[in-house]
Each structure stands twice: as C-alpha cells, then as structure tokens.
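Here's a quick tour of a protein model, written for someone at the bench. Have a look at the structure first, then read on.

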Amino acid sequence: MATQSANATFFKQLQKYYTFYTGGFIAFVIVVGILEQMGVPSKILGYLFLGATILLYAGIGVMSKTADVGEYYVAGRRVPALFNGMATGADWMSAASFIGMAGTLYLSGYDGLAFVMGWTGGYCLVALFLAPYLRKFGQFTIPDFLGARYGGHIPRAIGVFAAILCSFTYVIAQIYGVGIITSRFTGLEFQIGVFAGLAGILVCSFLGGMKAVTWTQVAQYIILIFAYMIPVVWLSVQQTGIPVPQLVYGYQLQKVTAQEKVFNDKTTPLGAKEESVRAIFRDRAATADANLKGLETGGAAFLTTEKAKLEAKVVELKAAAAPDAKAIAAAEKSAKDYPADAAAAKKAWTAAKAGNAARAVPVKAHAEPFAAKDEAARDIAKKNFLALIFCLMVGTAALPHILMRFYTTPSVKQARQSVFWSLFFIFLLYFTAPALAVLAKYEVYHNLVGTSFAALPAWVANWRIVDPTLMNITDINMDGIVQLAEIVIGGDLIVLATPEIAGLPYVISGLVAAGGLAAALSTADGLLLTIANALSHDVYYKMIDQNATTTRRILVSKALLLVVAVLAAYVTSLKPGNILFLVGAAFSLAAAAFFPALVCGIFWKRANQLGAILGMSLGLGITAYYMYMTYPFFGVNAPLWWDINPISAGIFGIPLGFIGVIVGTLISPAPSKEVQELVDHVRYPSLDGDLNSNAA
Amino acid sequence: MQLTQRHKEYWQRNLRMTAILLAIWFVVTFVVSYYARELNGVTFFGFPFGFYMGAQGSLVIYVVIIWFYARYMNTLDEEYGVHEGDD
C-alpha cells in the first residue's frame, strides 16, 4: 500500500539520519577530547559542549519549522514506534532522573527504589489502559478526549486546569535543573543560566511545535544515554574488570554490605574510629538538647546568663599570661553568634539537635528495605514506600505530556509497540542507576574512608571547593584520617562526579553535563508544549473561537508558549521549594485528576459527564488539600492521615476520583448513543463504517 | 455501527488479557515489595533477592508485560479482522 511503503521509506531515512548524527556526535566528543589533551582549559570545553548541543537542538528546530496544524500539534502522526519510544524516553527522563536518581539511591538505598519502580511500572498502565485507545481517538490533547467523551465544556475545562497545574509544577523543576547545570559548567549566574537554557528550549518548540520537539527529543535521548553509560561502564571495568555494571554490581553490593557491618561494629579498628566520630555528634546533639531544656525552664534569663558566661570566657582568655589568639577568636565568635532571642535560639538549637543526631546514627545498610528503629517505624516506612510507588505509577499514566506522545504514531498497532520501546529506552537508564549508586558507594567505602586528610583523592578535593553542599568532609575527631561519619555527600554529586571518580578525562564530565542538560531540556520542551497547547487548542480554539483559522491557532499557541516559558523561568529564578517534592506533587496531582476519568471513559460505557466532573474535581481537590495541609512549605503542618507523607497525597485522591466518577454517573442518566459509539470506536483499532476522529 | 458477536468476543479477550497482565504487575510491584525484607534472605546472582526485584527484576518484567501485550493484541486484531489497513 502507498502509505505503508511511504512509512517504511520514512523509517529508513530516519535511521540513516540518526546513525549519521550519532557518528557525528561521537566524532565531536573525540575532537573535544583531543583539544583537552592539547591543553585547552576545561571551562572552554564546558562552553563548547553546552553551546554545541544547544545549537544542535536549535538547528533541528529550524529544520522542522512548520505551519501545518497536524504537524505542529502531533508531528503529522507519522513518528514510527521506535523513534516515538526514544522521544518519549527523553520526554520522560528529566533532570531528576538523570542527575538525582542515582544520588537518591546512594543516600537512601533500597527505599530509593520506589522511584525506580514507580517511574517504570507506570508504563504498564499506559500500555494496558490508555495508549492504544487514545491513539485510535486521535485528537491533539488530553482535554480533547475528556471534552469529546464526556461532552460540554466543564470536563474539558477541569482537564485544562489540571494539565496546566501539574505541567507547570513539573516544568519549574526542569528549568531549575537547567539553571544548575549551565551555571555549574559555564560559571554563569543561576538566573542567567535559567534564561540561557530557556532560549534553547524555545527555539525548538517555538518554530516547529510537536514535530520539532519530537525530532529533538530523539537526538537528546541519544546524547543522554551515552553520557550516562560511559562513566558507569568505565567505573565497573575499574572495580570488577567487567564492562556490564548491571550484571556484576551484586558482588560489589555484597562487599559494601560487609563493609557496613565493619563500620557499625565497635570492636573492629575501623568501627571504633567511626564510633569516636559518632560520639562527638551525640555530644553535640546532647548539648543542643540541654540548651533547649534550659531555655524551656529558664526562658530569656537563661539566654542572658549563658551569653554572659561566654563573654566572661573571652575576657578570661584575653587576660591569660600567654593569650592564645586562635582560642580568643573562637570564643569571640561563639559569643557573637549566640542567638539573640528565644525564638532564634529555639530554632538554631532544634536544627543543631536534629542535624547532629542524624549524623550520630550507625550506617544504614544499603540493601535493607524499610530500615528503621522498630517494627512500627518499619511498617510506616513500608506503607509510604508502597504508597509512593502507587502514586508515581498512576501519575505516569496520567501526565498529559507523556500521553500526548502516543497521538503521534501512525497507527494503534504502532502506539502499542511504541509503549514497549519507550519503556525499553527508559529501562536502560533506570536499571543502571542502582548499579551506579552501589559502585560509587564501594568507591567511598574502600578508597575514600581511611585515606589521610592530607592526601584526599582529587575528585573529593575538587568538589569540596566547587560545591560544599555536594561534598562536605571535615576531620571531626582530629585524627587526620577520613571516617565515613565525617563525610556528607549531596545526592547530585554521584552522577556529576562519576567521571572523575573513574579517573576519566574532563571531556567526559562535559559529556555528562550535556546529557543532564538534554534530559532537562527535553522534558521542559514537552511540558511547555503541553501547557501552550492546552491553552491555545482547548481554551482558545475549542471553547472561545471555533472558527479560528489554522494560521491564527498556531500563532496563538506560539505566543502563549513564549508567555508561559518566560513566566516559568521567572518563577524558577525565585528558587521555590524542593525539586523532588515539586516532581512528586505533579505526579500525585495528575494521577488523581486524570487517571480515573480517562480509564472509566474507555472501559465503562455508562460513565457520563456528571461522573467525570465529580471524579476529577474530588480527586484533584483532596490531593491538593492534603498537600496544602501537611507539606511543611505551606506552614499548616496538620497531622498526617495514616502516616502517609504529603508527596503521596494521590493515594487518597485516586480512589476518591474513582468513587466520584461512579457515584456521579449512577445518579445521572446514561450518555447519548453517539458517545457510546465513540467508546466502541476507540476500543477497536478498525471497525466497519468507522468514524474518522483523527483531527487535522 | 453495529457490533457483532465476534467484536464482543474480541473485547472480552482483550479484557481478560488486560486483567491477567495487571495481576502480574500488581504481584511484582506490591506483593514482592511488601515482603522485600523477607525475600532479602535469598541470594540471587550475588544480590539479596528483595533488593534485586526492586532494582532490576520488576523492571524486566514490566518491559516483558508491555512487549507481550503489544504482540498479543496486534495478533488478536488480525484474527478478529479489526486491524488497520495500512501501517
């Protein structure tokens, strides 16, 4: 058939382009590597990498320039399954996956696996419940489906609101990542880095919409997967001699576990040294606690007497026969830094108590699930682990920027295959991250702990200066030797420093930065496009002006894209909140708002408008309410329900969403015959006398 | 657009397969994680088994579930004559 051979030719062409592209990129990395050997400074190499990749994305954007509505919104619906898989992979894997994941696993061991499982297993729900049916429906946006299936403007409007809410929350986390990477590798200010990265995002999506974004995302996937794999494989070769880290890290994990036992055993020489550091932290925590108690009983008077004591100490030291300048300076500092009032004192001491107590605990075993002090605490950890997985999975199957990608394949058949390719390409990175965490831990346990402070490994010395929040190491017990308890590592360090840990040249660090940037930009592209499309297509075209010309619709979309992007960058430059929470919140919100209405819309013919309205607003409402009440950022701090953390608020919202759909549906009449036919239409890839719902 | 008996049968078979795969997904995700502490007593390729399932085993099964579903449904489409003409 004509289209079949056209599709096959197109596929071959794409294969050729991207093979050339990959070869070209490898050649580029080699050239930069040669430049490094010739003595070009690393800052220039950093600029080269970031500049070249952003130019590349812009170039693809320019080449994919389009004014056709179908191309602009759904890439002409001719993206083959394999390439849609790569694009979805890049769309999916954000800065949090690329940079944050391995670090989370390093810091929390087994419990961090909730993210690994949650962010992959959700694709089973996409495959089984949504992708093929949405593809058959074949419009432009997710609110489109809600609008057509449930009728009227209200379900569509709630969909638009929810899509914007969760995409905007998520995009802020991405732009934040872009800012961090550009500022770290080029030395630009964070705020400038944000806007520079934004320019890269915009050129691409602005010119060619979904078409440009798709082909750029494929290119970005190739960069990010190379950038992730090379350092890990090299590290694995160094430690085990085998270049397949995913297969062999079990044995490294055994060694790590054995070493953890030694660290926690006070009778071994290493364990005794660890214990001496922990004892110091315990003392510091006890001092802070004593101060807190003194403040409680003595009130403000306690502060004045304690401060007077410190000042007296300064006087005493100065009056000594041979004044010790260092001791005087220290005493003066502690007198000066003494909290001025009761509120400040309480805050400072509470933080000191918690911080020191946290560092006084024994090493947490990496492979132990739900480690906690007693059975009850373990049960709470387990419950939250399962709840988080559930929210992340259902959220995956509800985030509009991901679901939208399945509108772009040529057929239902390819939509199904493309979910497989998507998860396959995501899987490559996600099953490597736990390996990287273990290999990095092995490195720290065996090659960092026990070295002398005078001869720290180069990567530790470097990062300690570059960013003390990522690598903080101080000789607490003054023995000149590094103990594990003396090291504080920020999660993001793991991926960023792996090339140096593995002793690779700087060019690979540049590659990793480019990979992180690719991950953040590709996700930001998809999200911004989702927001702009929801506004231009669903609000402007479908709800305000149904007679708008195609040129006008695309123009509106582009203008909105610009506005939303600048707004997002502005909000990001204010540095709001914790990235991981922003991401988690986006998942819970999307899960509760979309999943019940979408799934019931396909699998339950009887589901109707009132059900959708009730289900979506209840689900979204309760999720947002719980987050607002319990997440410390908002300052309400209400008690938790069944000990569920605010990040998993969707665990209440999703079931309530289903209940809402069911109750609302049963108390109002069944939907019209046309709507029921639409349901049959999406259930079968092809029917005699099939409607043509593919919008153009 | 009248659905025939065969159309209904196609949908039933789709639902049945969806339910089976969903059950596997559920067990692999939630039941296995629930017993992760207990499963860690078993060693698998050098890994504690509970950890292995979270880090790798479940992911492999997810990929296989989706691969199998795509293959099964694409064959079922042909068998029941509801496949798309061109692709």
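What follows covers the chain contact, one helix pair and two loop residues.

Keep in mind that this is a predicted model. Let's start with how the chains meet: 48 residues of chain A are in contact with 42 residues of chain B. On the chain A side, at least two residues each come from helix 1 (2-37), helix 6 (113-137), helix 10 (245-263), helix 15, helix 17 (412-430) and helix 26 (673-683). Helix 17 of chain A gives the largest share, 11 residues. Sorted by class, the side of chain A that touches chain B holds 30 nonpolar, 12 polar and 6 charged residues.

Helix 15 of chain A (residues 375-396) also has a partner within its own chain. Its axis comes within 9 Å of the axis of helix 25 (residues 650-666) of chain A, and the two cross at roughly 55°. The two helices are therefore oblique to each other. From helix 15 of chain A, Ala387(A), Phe390(A), Cys391(A), Val394(A) and Gly395(A) meet Gly650(A), Ile651(A) and Ile654(A) of helix 25 of chain A. That contact counts 6 nonpolar residues, 2 polar ones and no charged ones.

Now for two backbone oddities. Most residues other than glycine have a negative phi. Here are two with a positive value:

| Residue | Phi | Citation |
|---|---|---|
| Phe370(A) | about 50° | not a glycine |
| Met478(A) | about 55° | not a glycine |

Phe370(A) sits in the loop between helix 14 (342-359) and helix 15 of chain A. Because Phe370(A) has 18 C-beta neighbours inside 10 Å, it counts as partly exposed. Met478(A) belongs to the loop between strand 1 (471-473) and strand 2 (487-489) of chain A. With 10 other C-beta atoms within 10 Å, Met478(A) is exposed.

Terms used: Residues are numbered from 1 along each chain as its sequence is written. Chains are lettered from A and ligands numbered from 1 in the order in which they are written. This is a predicted model: local features need pLDDT of at least 70, side-chain atom pairs count only at pLDDT 80 or more; totals for chains, interfaces and linings use all residues. Axes are lines fitted to C-alpha atoms, for helices over the stretch in contact, and angles run from 0 to 180 degrees between N-to-C directions. Helices (H or I, at least four residues) and strands (E, at least two) are DSSP runs, numbered from the N terminus. Angles under 35 degrees count as roughly parallel, over 145 as roughly antiparallel, 65 to 115 as roughly perpendicular and the rest as oblique. Two residues are in contact if their C-beta atoms, placed from the backbone, lie within 7 Å. Ala, Val, Leu, Ile, Met, Phe, Trp, Tyr, Cys and Pro count as nonpolar, Asp, Glu, Lys and Arg as charged, and the others, Gly among them, as polar. A residue is buried if 20 or more other C-beta atoms lie within 10 Å of its own, exposed if 12 or fewer, and partly exposed in between; C-beta atoms are placed from the backbone.
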